[in-house]
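Thanks for coming, everyone. I'd like to walk you through a model I've been looking at, so let me put it up on the screen.

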Amino acid sequence: MRDYLSSRQHHAGEQTPQFHHRLASGMFTGGLGAMLTCPLDVVRTRMQAEAGNVVGQYYTTGLRKGEIVRYSNLVRTIRTIVEHEGWRSGLYRGATVTVARASLLNGAQLASYDTLKHVLPWQEGPTLHTVCAFCSGIIAQTVIM
């Protein structure tokens, strides 16, 4: 997306992407990535929440001590969630917040990193990239807090 916006600007006579194009590119890619991986986050969280030692079919330790194992592997976890809660309300639980957070985080990070890289008067190299990465990480975390 960033390359597409850059090519449109180049035809208009501009050399570098504007800040709002950088921001939009980061927000789009961050939101898309979060939307695609949300079901895996839900499955991973469910499986981690039920972690514990198992004897037979029952947990002997952990939060679900004494209860039967519900999620034993990835496929069974997905199947159980879809059967009991459905695709949308089960596998995409919390997707709105996750997508919004990822969009803001990636948008802020990409836009600030790329802008700092062009604004700082340093030569291209490890120092410039390290400083830009450090600053963009702080900016991105500040935006989502």
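Let's start on the outward side of helix α6, where Pro126, Thr127, Thr130, Phe134 and Thr142 are exposed. This is a predicted model, by the way. Now turn to the other side of α6: Leu128, Cys132, Ser136, Ala140 and Ile144 are buried. They cover an arc of only 100° around the axis, and that puts them on the same side of α6. If you like the textbook reason for such a pattern, an α-helix has 3.6 residues a turn, so residues three or four places apart point the same way.

What do the buried residues of α6 pack against? Their partner is α5, residues 95-119. The length of α6 works out nicely too: it runs over residues 126-144, and at 1.5 Å a residue its 19 residues should span 27 Å, which agrees with the 27 Å between its end C-alpha atoms.

Next, have a look at α3, residues 74-85. This helix has 12 residues and reaches 16 Å from its first C-alpha to its last, close to the 16 Å expected. Thr77, Thr80 and Ile81 are its buried residues. Seen down the helix axis, they fall within an arc of 95°, so they line one face of α3. Val75 and Glu83 are exposed on the face turned away from that buried side. As for neighbours, the buried residues of α3 pack against α2 and against α4, which is residues 87-91.

Ile81 leads us to the largest nonpolar core, where it is joined by Cys38, Val42, Val43, Tyr71, Leu91 and Ala95, seven residues in all. Helix α2, residues 19-49, gives the most to this core, with three residues. Leu91 is a good one to click on: leaving aside neighbours within four places in sequence, Leu91 is in contact with Cys38, Pro39, Val42, Val43, Ile78, Ile81, Val82 and Gly86.

Let's zoom out to the whole chain. Six helices and two strands are present, and from the N terminus on they run α-α-β-β-α-α-α-α. The radius of gyration is 22 Å, well over the 15 Å that the globule rule gives for 145 residues, so the chain is more spread out than a compact globule. Along the principal axes, the C-alpha atoms fill a box of roughly 65 × 30 × 25 Å. Of the 145 residues, 28% count as buried. The accessible surface comes to about 9600 Å², and carbon and sulfur atoms account for 62% of that.

Definitions and conventions
Residues are numbered from 1 along each chain as its sequence is written. This is a predicted model: local features need pLDDT of at least 70, side-chain atom pairs count only at pLDDT 80 or more; totals for chains, interfaces and linings use all residues. Side-chain values use heavy atoms; hydrogens and water are left out. A nonpolar core is a set of buried Ala, Val, Leu, Ile, Met, Phe, Trp, Tyr and Cys residues joined through side-chain atoms within 4.5 Å. Buried means under 20% relative accessible area, exposed over 50%, partly exposed in between (1.4 Å probe, protein chains only). Helices (H or I, at least four residues) and strands (E, at least two) are DSSP runs, numbered from the N terminus. Contact means heavy atoms within 4.5 Å. The expected span of a helix is 1.5 Å times one less than its number of residues. The arc is that of the directions from the helix axis to the C-beta atoms. The radius of gyration is taken over C-alpha atoms; the globule rule is 2.2 Å times the number of residues to the power 0.38. Accessible areas come from the Shrake-Rupley method with a 1.4 Å probe; for residues, only the protein chains shown count as cover.
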